[in-house]
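Could you walk me through this structure, one selection at a time? I have it open in a viewer and would like to know what to click on next and what is there.

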Amino acid sequence: MNARTRQRLRFQSLLVCWVVSCLGAAMGRAAETDELPLIQIEARFFHATEAQVRMAFQSRNALQTLARLRADLFSNSSFVATSGERAKVEAVREMRYPTQFDPAKDKSDRLVPTAFETRNVGVILEIEAAAEADNNINLSVTSKVVRFMGFIDYGRRHAGKAVKESHDPAQDGKKGMKDWGVYQPVFNTQQVTTSVTMNSSDTILACELPPGAVSREIAPDGLRTLVFITARILPPKSAANPQPIPP
């Protein structure tokens, strides 16, 4: 396997960041947009020790307690969506891997990749908030964690042999691989959906990400990763310039 092929098998060296995009249950209905309430949503991601989490859950305001204990607020994404519109918050790496192979032109046993696909590996949150009567919000949060587990070699010489993921993502796709292999990635997906009816401006613990869901550079070992969601219905006059949601 030459350097170019190995490079294509690696995780692309992209900086992991949280990206917000609208998926759009209400998209494409421009005529209705002005009639639907707008909802401000804030997603806060904390790293905390076991002791910090225990004290936070024993208090009346977990966010204030985590801030007082100096838990690591490593991401804070705030956006405005139309009532009933879905939005996606994600922290992912792009993994590009081969899906088709042709025999090498040198008449050896090697197979050369000729087609590739890309899959996002990391954390994806889908959030939908719908305004209801009496200043209530129906909130649905789906958290999906996609992990790369390693490669399986389907080549003739090593059919079904696993190649494990290395600790360094830059080395994934290299360790244990041979020139004659036909390597296909193995992914593990975990998905949880939380639905709740809440008062406007309330905060919920949406989910706890499993260990290893986010890269080690962002989520050090031994810390728990908690995701809090705050949602509030915006008054019509303030919808154009929403204010930050207090802790």
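Helices here are DSSP runs of H or I with at least four residues, numbered from the N terminus. By that count Met-55 falls in helix α3, which covers residues 50-58. Before we visit it, please keep in mind that this is a predicted model.

**Stop 1: the whole chain**

Show the chain as a cartoon. You will find 4 helices and 10 strands, and if you trace them along the sequence they come in the order α-β-α-β-α-α-β-β-β-β-β-β-β-β. The chain has 247 residues, and buried ones make up 41% of them. It exposes about 13,800 Å², with carbon and sulfur atoms supplying 48% of that area. Look also at how the chain folds back on itself: of the contacts between residues at least 6 apart in sequence, 74% join residues at least 24 apart.

**Stop 2: colour by confidence**

Now colour by pLDDT. The mean for the chain is 77, and 68% of the residues reach 70 or more. Select residues 25-33, where pLDDT stays under 50 and the model has 10 contacts beyond four places in sequence. Then select residues 165-175: pLDDT stays under 50 there too, with 22 contacts beyond four places in sequence. Where pLDDT is low, the predicted coordinates should not be read in detail.

**Stop 3: helix α3**

Return to Met-55 and show its side chain. Is this residue buried or partly exposed? Its relative accessibility is 40%, so Met-55 counts as partly exposed. Leaving out residues up to four places away in sequence, Met-55 touches Thr-65 and Leu-69. Leu-69 is 14 residues from Met-55 along the chain, and their C-alpha atoms are separated by 9.0 Å.

**Stop 4: strand β2 and its partners**

Select residues 38-48, which form strand β2. Because 10 of its 11 residues are buried, β2 is largely enclosed by the rest of the structure. Which strands pair with it? One is β3, residues 72-82, which runs antiparallel to β2 and is joined to it by 10 bridges. To see a matched position, pick Gln-40 and look across to Val-80 in β3.

The other strand to select is β10, residues 224-233, again antiparallel to β2 and again joined by 10 bridges. Two positions are worth labelling here: Ala-43 has Ile-229 of β10 as its bridge partner, while Ala-48 has Arg-224. Strand β10 is itself mostly covered, with 9 of its 10 residues buried. Follow β10 onward to β9, to which it is joined by 6 bridges in an antiparallel arrangement. Cys-207 and Val-227 in β10 are bridge partners.

**Stop 5: the nonpolar cores**

In soluble globular proteins, nonpolar side chains tend to be buried together. Show Ile-41, Ile-127, Leu-139 and Ile-229 as spheres: in the largest nonpolar core, of 25 residues, these touch the most other members. The elements giving two or more residues to this core are β2, β4 (86-103), β5 (111-131), β6 (136-153), β9 (203-209) and β10. Apart from this core lies another, of 10 residues, including Phe-46, Leu-66, Ala-71 and Leu-226.

Next, centre the view on Ile-127. Setting aside residues up to four places away in sequence, its contacts include Ile-41, Phe-79, Val-89, Leu-139 and Ile-229.

**Stop 6: Ala-129**

Move along to Ala-129 in strand β5. Its relative accessible area is 2%, so Ala-129 is buried. Gly-84 is 45 residues from Ala-129 in sequence, but their C-alpha atoms are 5.6 Å apart in space. Besides Gly-84, the residues in contact with Ala-129 beyond four places in sequence include Ile-39, Ile-41, Thr-82 and Leu-139.

**Stop 7: the aromatic rings**

Finish by showing aromatic side chains; the whole structure holds 6 aromatic pairs. One of them is Tyr-97 with Phe-187, a tilted pair at 5.9 Å centre to centre, with 55 degrees between the planes. This pair links distant parts of the chain, since Tyr-97 belongs to strand β4 and Phe-187 to strand β8 (residues 183-199), 90 residues apart. Tyr-97 counts as buried, at 10% relative accessibility. Widen the selection to Tyr-97, Phe-148, Phe-151, Tyr-183 and Phe-187, and you have one aromatic cluster on screen.

How values were computed. Residues are numbered from 1 along each chain as its sequence is written. This is a predicted model: local features need pLDDT of at least 70, side-chain atom pairs count only at pLDDT 80 or more; totals for chains, interfaces and linings use all residues. Side-chain values use heavy atoms; hydrogens and water are left out. Buried means under 20% relative accessible area, exposed over 50%, partly exposed in between (1.4 Å probe, protein chains only). Contact means heavy atoms within 4.5 Å. Accessible areas come from the Shrake-Rupley method with a 1.4 Å probe; for residues, only the protein chains shown count as cover. pLDDT is the predictor's confidence in each residue, from 0 to 100. Two strands pair if DSSP finds at least two bridges between them. A nonpolar core is a set of buried Ala, Val, Leu, Ile, Met, Phe, Trp, Tyr and Cys residues joined through side-chain atoms within 4.5 Å. Rings of Phe, Tyr and Trp (its six-membered ring) pair if their centres lie within 6.5 Å; planes under 30 degrees apart count as stacked, over 60 as edge-to-face and the rest as tilted.
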